[in-house]
Structures are given as C-alpha cells and as structure tokens.
Amino acid sequence: MEQGAEAVLNLQPSSSVTISYHQLFGSHDDIMLLELDEKLLPDILNQRVVVRGQPDEDAVLCTKSKTYAMKYVGTSNSVFLVPPSEHSEFAVSAMDCDQKAQNQIPVASVIKVAPGTMELVEVAPKLDKLKYLLSMNPYSSEDDDIEMEDVSETERGLFTWDALGERIQASDDELRSGLQALSAVEIDGYWRVVDQRYMDTMLKMLLNNSVLNDWSLDALDHDKVVEVLQSDGYPHKLAEHCLLVFGQKLTEGVWKLDEKKVCVHFAKQILKGGKRKMESFMEEWKKKIPEGLQINFEMLEGEVLTERLGVDSWVYPFSVSSLPSTPAERFSILFKERQKWEWRDLQPYIRDLTVPGVSSEGLLLKYTRRAQPKADAEPVFSAR
C-alpha cells in the first residue's frame, strides 16, 4: 500500500493511517518547513524569490518588490514530514514496498519530525548599507586619472548591480528606489554617487551656459545641454545625470530646472562651513540663486534646523538623508540632537520611515512621549 505522502493526502474522513519511521529517518537539517501567505505561493513555486544576506547577517527572502525577514518559530506539537513515495532521494527499497503491500495497510513513512517552521514577516529594506558602500568611492573629476589595475573592484569601492544585490538586503524594486534616492548613476557598469563638488561645478556650468546661450530654464533642450556640457569636458553620462538630478522632464527632449532642487543645492553649499546667522544665510542664498528662481525657507525642511541664541536666529545643516533608516536608531539620533521636538520640526525627519504594518502614529507611540501644554498649542515630543 501507499507509504509516502500519498497515504496522507488520500486519507478519507473517519479513517486512519499507520505511521512508521522511514528507513532514512533523521534530523535532515537541510530540510525546513516554510509557512507562506497564499499570495507568495506563486513567487515561491515559480522560483521568483531570492535569499539575501551575508554570513554575519540574518537572512531575508526577497520577491521582486518586497523584503521578508525569515523567523524561526518553534512548536510544542510534533510535525511529521512524509516524503512522496516516488521521490528518488527518499524512495524505499522494492522489498520494503512488497512487504507493506502484503499487509494492505496504508502507511506513512516519516522522514523527519520538524520542531518548528520558518515564517516570513514583511520588513523594510536595509538600505543604509547601500549608502555606505556607494560613499566609499564617489565619482569625481580625478576618476579618469586613477589607475588601480591590481586592486579588486570591491577594494576600489566599485559595485555592479549584481554585486549590490549580493550585499544589500532589499528586493530589486526597493534597491532601484534606493539608488534613485541617492541620485546614483551607472557608469561603465558600476553604480556610483557623484561627488558634490563635481555636481556643483557641473550645475554652475549649465547655468553659465544658459546665460551665454539665452536658454530658458523652464524649457531646456536636452540635446543642446548635453552637447555643451560635453564640450566643457563632462562625460555624456554625467551631463545627462545633471539634468536628472536638477531638472524635470516636460516632454520628449525638453526639460526645466527644478526650482526646489537647485535652491536646496546652493543652500547646502553655503552651510558646508557650518552654522550661519539667519540674516547672513538668507542674503547669501538669494545671491547664489539664478535669475528666475525664488528661494523659500520652507524648501529646506528636512535639510536644516534653526536655533535661537540670544537675540539672533541661527541656521545649521541637519539632513534627513544622513540619518539611519531604522526607527530606533533614527529616533535616538533625533533626541540626541534635541531633547524636545515640536511637530512641525520633527515631521520632516520621520515621514520617510517605513515599517510594514506600522503607521507613523504607531512609531510615535513606540518611541516618543507627547505633551501638549494647551489645547490650542502644538504638540511637543520627547524620548520615551
């Protein structure tokens, strides 16, 4: 009679099946139960998933668009694993089959008793490592002069798409979004961030040429911009990247400069030297902005903080892009910077936090204490 999984699958109501030890019964540490949500089943069966993680990291399972932590859950119940009778790896001998057949009793041969299962829990992608890896070797004007033939790509801080996929615990879609958020560009097969000084000189060159050639910043011809920047010594790929970083595509071949991106760039350049008096900062910022663009301090949400010292207001750099993406680390740094935060100041620094299944309100409840002195006053948050 059947002595594999078929004996259990074909079991009729109110009937029973005999359980026996398979001749290959053992711990079989290479076999593990995985509990799945039904929506993930097609991805698993069609091999559209990948397990990512380095030896010193907890493994995650990634589909095309999402990342799942793999968590082991023990059980007090005995879970028997019964292989198919025809499975070549666990097939029993013909003599054993004949002996069972003579008894005419359905038998399920147990190959392993599973003490627990692996569960998948959707998590946010771990992209802080991406930021670190790409910051190892940003593209700069000296790149073409460096010769390091005997040094490996990893030692040089150069990573292809596949190399990043091996190191970053994120789905392909999440990895692409992470690269876009960092304004990374693929150069000669390697994903790079571009040195800020390089981007600054390239943007200034674009603005100078717009004056010389009487270009409208609201209707830039893609081909002309790229051609002129190339003639000034910038590679074609980087010239296009300049438009992607600082512009918006209107129609095919026509771009406009993004007012906020350009204004924020120059504000950050001014504050590289550190804290500035508000009046002095605003005056210099206005001078640096090209004609036709308007500055607005609200543009700098999530990029700067202000403080009052005596009668003067000061502004200093504090960018959300420099903060870790895990909530516990993010809130720890925020409350080291300030013991108390008003909501209008705090919100720009937490709105990008994503924890599947947890809302922003849930994060605030977990990591902060809320105080509101008066009903009409703005809430103030401190560390929990």
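In which sense do strand E14 and strand E15 pair, and over how many bridges? In this predicted model, strand E14 (residues 304-309) and strand E15 (residues 312-317) run in the antiparallel sense and are joined over six bridges. Within this pairing, Leu305 has Tyr316 of E15 as its bridge partner. The two strands form a hairpin with two residues between them, and Gly310, located in the turn, adopts a positive phi of about 70°.

The largest nonpolar core comprises 42 residues. The residues with the most contacts inside this core are Met202, Leu206, Leu229, Phe246, Leu257, Phe281 and Trp285. Two or more residues are contributed by each of the following elements: strand E8 (185-187), helix H7 (196-212), helix H8 (222-231), helix H9 (236-246), strand E12 (254-257), helix H10 (259-270) and helix H11 (278-288). A second core, separate from this one, contains 17 residues. Leu305, the residue paired with Tyr316 in the hairpin, is included in the second core, as are Leu323, Leu346 and Tyr349.

Helix H7 was examined further through its packing and through two of its methionines. H7 and H8 pack with their axes 10 Å apart and at an angle of about 115°, and the crossing of H7 past H8 is right-handed. On the H7 side, the contact is made by Met202, Met205, Leu206 and Asn209; these residues meet Val225, Val228 and Leu229 in H8. The contact residues divide into six nonpolar and one polar, with no charged residue.

Met202 illustrates how the core is connected beyond this helix pair. With neighbours within four places in sequence left aside, Met202 is in contact with Leu229, Tyr234, Leu238, Ala239 and Cys242. Met199 also lies in helix H7. Its relative accessibility is 3%, and Met199 therefore counts as buried. Outside its neighbours within four places in sequence, Met199 is in contact with Val194, His241, Cys242, Val245 and Phe246. Cys242 is thus a partner of both Met199 and Met202. The C-alpha atoms of Met199 and Leu238 are separated by 8.9 Å, with the two residues 39 apart along the chain.

An open sheet of three strands was also identified, with the order E16-E18-E17 and antiparallel pairing. Strand E16 (340-342) and strand E17 (368-371) stand at the edges; each has a single partner strand, so one side of each is left without a neighbour in the sheet. On average, and with direction ignored, neighbouring strands of this sheet are turned by 30° against each other. E17 pairs with strand E18 (residues 380-383) in the antiparallel sense over four bridges, and the bridge partner of Arg369 in E18 is Ser382. Helix H14 (residues 360-367) packs on the sheet and touches E17 and E18. The direction of H14 makes about 95° with that of E17.

A further buried position is found in a loop. Thr63 is placed between strand E4 (60-62) and strand E5 (67-81). Its relative accessible area is 8%, which is under the 20% limit, and Thr63 is therefore classed as buried. Apart from neighbours within four places in sequence, Thr63 is in contact with Leu40, Asp43, Arg48, Val49, Tyr68, Ser171 and Asp172.

Technical notes
Residues numbered from 1 in each chain as written. Predicted model: local features only at pLDDT ≥ 70, side-chain atom pairs only at ≥ 80, totals over all residues. Heavy atoms only, no water. Core = buried A, V, L, I, M, F, W, Y, C linked by side-chain atoms within 4.5 Å. Buried < 20%, exposed > 50% of the residue type's maximum accessible area, 1.4 Å probe, protein only. Contact = heavy atoms within 4.5 Å. Pairing = 2+ DSSP bridges. Axes fitted to C-alpha atoms, helices over the stretch in contact; angles between N-to-C directions. Left-handed = near helix turned anticlockwise from the far one by under 90°. Nonpolar A, V, L, I, M, F, W, Y, C, P; charged D, E, K, R; others polar.
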